[in-house]
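The following report considers side-chain pairing, pockets, surface character and backbone geometry in a single protein chain. The discussion proceeds from individual contacts to the wider surface.

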Amino acid sequence: MVLVPGAQDTTWFKNMMLRASYGFGDQTNKLRFQSGIDFNNETGYGKRIKDDQQQIGDYAAYVSGNYSPWSVLSLQPGLRYIYNTKFNAPLIYSLNVKYDINERVILRASLASGFRAPSLKELYLDFVDINHDIHGNENLKAETSINTNIMLQYNSRTQQAYVWGIELNMFRHNISDNIQLIPLSDNSAIYTYVNVNQFVSQ
């Protein structure tokens, strides 16, 4: 019997997270806001990891607000600044709007950008055993996206509670450099991660 190098290796992943937030205002205020920080640090060890050890950090600060100039209208903008130790991240933004057309009909709409860096497993882990042959790809790019959504809600209700409701929901997710796991060829059992230039769901 011939052992594949690293076949008996134990791979370790450590993840450290810190999240803190601060909010101001309540339902009686026309203007409310929330701010906070997110720290996420991941380290991988083992012979199946490139160079036996890799680390990636993702550190973010965000602020969001909620402005209700009238009782029937609510505007919620948001911004998120990200520093990633391996990838350049754009400034992430979002805008959510809620409008009460009348007591029973509500219109909601949103526009948001997104960012996802590849994980250490997608970048550097070679997972090979009797059932798997998956290889990381250190040339992966980070995903970016634009997401839009619009929803119309109708709720039939008494003075006490909702009886029934109906929703019409339309969305579009447009992802650039979407990360997918694919075989190296049509007949190959060897898989790796690649970026798909454009991935759209709607």
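Glu 138 is partly exposed, with a relative accessible area of 43%. In this predicted model, the side chain of Glu 138 meets that of Lys 50 in a salt bridge, with an N to O distance of 2.6 Å. Glu 138 belongs to the loop between β8 (133-135) and β9 (143-157), and Lys 50 to the loop between β2 and β3, so the pair ties together parts that are 88 residues apart in sequence. Lys 50 also counts as partly exposed, at 34% relative accessibility.

**Salt bridges**

Side chains of opposite charge can pair when their charged atoms come close. The structure holds 7 salt bridges, including the three listed here.

| Pair | Closest N to O distance |
|---|---|
| Glu 138 and Lys 50 | 2.6 Å |
| Asp 38 and Arg 80 | 2.8 Å |
| Arg 116 and Glu 143 | 3.4 Å |

In the second pair, Asp 38 and Arg 80 have their closest N and O atoms 2.8 Å apart. This pair links distant parts of the chain, with Asp 38 in strand β2 and Arg 80 in strand β4, 42 residues apart. The two partners fall into separate accessibility classes: Asp 38 has a relative accessible area of 11% and is therefore buried, given that the class requires a value under 20%. Arg 80, at 25% relative accessibility, counts as partly exposed. The contact belongs to a wider arrangement, in which Arg 19, Asp 38 and Arg 80 are linked in a network of salt bridges.

In the third pair, Arg 116 forms a salt bridge with Glu 143, and the closest N and O atoms lie 3.4 Å apart. Arg 116 is in strand β6 and Glu 143 in strand β9, so this contact ties together parts that are 27 residues apart in sequence. Here Glu 143 is buried, with a relative accessible area of 10%, whereas Arg 116 is partly exposed at 32% relative accessibility.

**Pockets**

Which residues lie nearest the centre of the largest pocket? They are Asn 40, Glu 42, Asp 58, Asn 84 and Ala 117, among 18 residues that line the pocket. The space in the largest pocket amounts to about 320 Å³. Its lining draws at least two residues from each of β1, β2, β3, β4 and β6 (105-116). By class, the lining of the largest pocket divides into 7 nonpolar, 5 polar and 6 charged residues.

The second largest pocket has a volume of about 150 Å³. Its lining includes Val 63, Ser 64, Gln 76, Leu 79, Arg 80, Tyr 93 and Ser 113. At least two lining residues come from each of β3, β4 and β5 (92-100), and β4 provides the largest share, 5 residues. The lining of the second largest pocket comprises 5 nonpolar, 6 polar and 1 charged residues. Arg 80, named above as a salt-bridge partner of Asp 38, is one of the residues that line this pocket.

**Nonpolar surface**

A nonpolar surface patch of about 1100 Å² is formed by Tyr 22, Phe 24, Phe 33, Val 63, Leu 79, Tyr 81, Tyr 83, Leu 91, Tyr 93, Leu 111 and Ile 146. The elements that contribute two or more residues to the nonpolar patch are β1 (12-24) and β4 (73-84). Strand β4 gives the most, with 3 residues. Tyr 81, one of the patch residues, is found in strand β4. Its relative accessible area of 53% places Tyr 81 in the exposed class, because that class begins over 50%. The patch and the second largest pocket also have members in common: Val 63, Leu 79 and Tyr 93 are among the residues named for both.

**Backbone geometry**

Two aspartates have positive phi values. Asp 52 has a positive phi of about 70° although it is not a glycine. Asp 52 is located in the loop between β2 (31-45) and β3 (53-70), and at 36% relative accessibility it counts as partly exposed. For Asp 177, phi is near 60°, again a positive value in a residue other than glycine. Asp 177 lies in strand β10 (residues 162-183), and Asp 177 is buried, with a relative accessible area of 18%.

Technical notes: Residues are numbered from 1 along each chain as its sequence is written. This is a predicted model: local features need pLDDT of at least 70, side-chain atom pairs count only at pLDDT 80 or more; totals for chains, interfaces and linings use all residues. Side-chain values use heavy atoms; hydrogens and water are left out. Helices (H or I, at least four residues) and strands (E, at least two) are DSSP runs, numbered from the N terminus. Buried means under 20% relative accessible area, exposed over 50%, partly exposed in between (1.4 Å probe, protein chains only). Patches are made of residues with over 30% relative accessible area and no salt bridge: like charges are joined within 9 Å, nonpolar side chains (Val, Leu, Ile, Met, Phe, Trp, Tyr) within 5 Å. Accessible areas come from the Shrake-Rupley method with a 1.4 Å probe; for residues, only the protein chains shown count as cover. A salt bridge is a side-chain nitrogen of Lys or Arg within 4 Å of a carboxyl oxygen of Asp or Glu. On a 1 Å grid over the protein atoms alone, a cavity is a set of points where a 1.4 Å probe fits but cannot get out, and a pocket is an open set with protein on both sides within 12 Å along at least five of seven lines; lining residues have an atom within 4 Å of a point. Grid points are joined across faces, edges and corners, and a volume is the space filled by probe spheres set on the points. Ala, Val, Leu, Ile, Met, Phe, Trp, Tyr, Cys and Pro count as nonpolar, Asp, Glu, Lys and Arg as charged, and the others, Gly among them, as polar.
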